[in-house]
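Reader: I'd like to learn how to read a helix and an interface in a model like this. Can you walk me through it?

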Amino acid sequence: MAANKSTRQGEDLWKTRVEKVNAELVTLTYGTIVAQLCADYENDYTQVNQQLEKMGYNIGVRLIEDFLAKTSMARCGNFRDTADMISKVGFKIFLNVTPTVTNWTADSKSFSLLFDENPLADFVELPDDGRAQDELWFSNILCGVLRGALEMVQMSIEAHFVSDILRGNDTTEMRVTLLRMIEDEMPPEDD
Amino acid sequence: MVVFAFYVFDRHAECIYKKRWQDALPGAPATSLRPPSQSTVANAPAPARQSLKSDDDAKLIFGTVYSLRNMVRKLGGEDDSFLSYRTSQYKLHYYETPTNIKFVMLTDVKANSMRHALQQIYVNIYVEYVVKNALSPAEHPGGIGVDNELFEASLDVFVERVLNTQPPDPRA
């Protein structure tokens with residue numbers, strides 16, 4: 001089974017190739033960033049979401065190289081493999097979680113990641129201002145990371161959260177949609 | 001084994017790093033690396049070679065590996081990739097990451113496969129010192145951010161170790 005294989009790969013890499021840091025350090029650092037953004041944008045949560053996504057994108061475009069260096073993975077054959085790889089290897093080695101891949105659309109271009117646990121959101125309570133619960137996607141940085149990382153391997157995707165336990169939903173769910181494959185760039189014409 | 005030159009191309013088809021080990025060509029212009037089209041003049045000291053700017057070098061090499069890669073994929077399927085080709089004068093080794101960064105190394109013809117070495121350069125040198133350098137830009141137009149000291153020094157050390165049959169040369 002391919003799924004079992006990637007689970008094992010993820011486990012092995014996590015055990016052997018990954019330097020660990022204290023989880024609370026990550027959680028608190030990330031929380032501080034979000035809190036600071038909320039202060040900077042005067043609680044305009046749409047802007048905060050956007051900014052988090054952008055920061056994630058910038059992380060993703062580099063993280064993919066680290067991912068490839070650590071895993072020596074070859075290119076995935078199809079988007080289902082990609083999803084499997086993101087969950088069982090990507091999230092595993094960087095956050096030690098394996099979100100569940102589910103809710104595939106019939107054309108295999110869109111899926112959901114269900115986060116049973118989310119290290120970024122430990123200890124977090126959203127501000128009680130009546131808007132954060134409806135507007136802020138606390139872990140939105142993850143959407144950006146995926147977009148940046150996949151763009152580097154020629155996949156243009158769109159990712160957004162559709163529910164978050166922090167908002168009182170039953171699950172934390174991210175929706176990922178493949179928009180198109182990016183063509184190789186040609187060298188500029190000689191003059 | 002002798003390494004003549006090393007190139008990195010980014011996903012925008014731009015040469016973001018090149019290094020030639022000139023003194024690896026021991027006084028004899030005949031052994032100099034040159035684009036395949038000129039290999040017929042291999043025995044003459046190559047004036048054409050001098051006039052060829054190193055910038056054109058990189059372009060020619062990119063064009064060659066790009067076309068070869070595409071041809072190999074057409075014939076052998078999407079997952080196929082070529083590892084090296086050899087002329088009477090040099091051997092070109094090729095490694096491409098899934099993020100479309102291309103590593104090219106030119107060595108003498110007796111060299112073994114350098115695929116693993118190129119992968120090591122990517123994993124241990126490029127990712128460590130270029131990608132993880134937070135102050136270097138994520139893209140490298142014109143090679144910005146790639147030619148930092150740590151990268152160059154590690155590359156030199158690595159190539160000298162690969163060149164283990166060669167006495168280490170201070171200028172290399």
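Author: Sure. Start with a yardstick: the expected span of a helix is 1.5 Å times one less than its number of residues. Keep in mind that this is a predicted model.

Reader: How does α3(A) fare against that yardstick, and why?

Author: α3(A) has 27 residues, so at 1.5 Å a residue it should span 39 Å; the C-alpha atoms at its ends are 36 Å apart, which agrees.

Reader: Where is the kink in α3(A) centred?

Author: On A:Val61, with a bend of about 30°. Just after α3(A) comes A:Ser72, and its phi is positive, near 55°.

Reader: Now the interface. How do people usually put a size on one?

Author: Often as the accessible area lost when the parts come together. Here chain A and chain B bury about 1,900 Å² between them, with 49% of it on carbon and sulfur atoms. On the chain A side, A:Arg62, A:Glu65 and A:Glu185 lose the most area to chain B, together 33% of what that side buries.

Reader: And how many residues are in contact?

Author: 19 residues of chain A touch 25 residues of chain B.

Reader: What about polar contacts and salt bridges across the interface of chain A and chain B?

Author: The rule finds 10 residue pairs in polar contact there, both residues at pLDDT 80 or more. In chain A, α3 (45–71) and α6 (141–152) are the elements that give two or more residues to the side touching chain B. The largest share, 7 residues, comes from α3(A). By type, that side of chain A divides into 9 nonpolar, 2 polar and 8 charged residues. As for salt bridges, 2 cross this interface. A:Asp184 and B:Arg69 meet in a salt bridge through their side chains, at 2.1 Å from N to O.

Reader: How many salt bridges are there over all chains?

Author: The count comes to 15. One of them pairs B:Arg11 with B:Glu139, their closest N and O atoms being 2.6 Å apart. That pair links distant parts of the chain, 128 residues apart: B:Arg11 sits in the loop between β1 and β2 of chain B, and B:Glu139 in the loop between α3 and α4 of chain B.

Methods
Residues are numbered from 1 along each chain as its sequence is written. Chains are lettered from A and ligands numbered from 1 in the order in which they are written. This is a predicted model: local features need pLDDT of at least 70, side-chain atom pairs count only at pLDDT 80 or more; totals for chains, interfaces and linings use all residues. Side-chain values use heavy atoms; hydrogens and water are left out. Contact means heavy atoms within 4.5 Å. Buried area is the accessible area (1.4 Å probe) that two parts lose on being put together, summed over both. A salt bridge is a side-chain nitrogen of Lys or Arg within 4 Å of a carboxyl oxygen of Asp or Glu. A polar contact is a pair of N or O atoms within 3.5 Å; within protein, one must be able to donate a hydrogen and the other to accept it, and residues adjacent in sequence count only if both atoms are side-chain atoms. Helices (H or I, at least four residues) and strands (E, at least two) are DSSP runs, numbered from the N terminus. Ala, Val, Leu, Ile, Met, Phe, Trp, Tyr, Cys and Pro count as nonpolar, Asp, Glu, Lys and Arg as charged, and the others, Gly among them, as polar. The bend at a residue is the angle between axes fitted to the seven residues ending there and the seven starting there.
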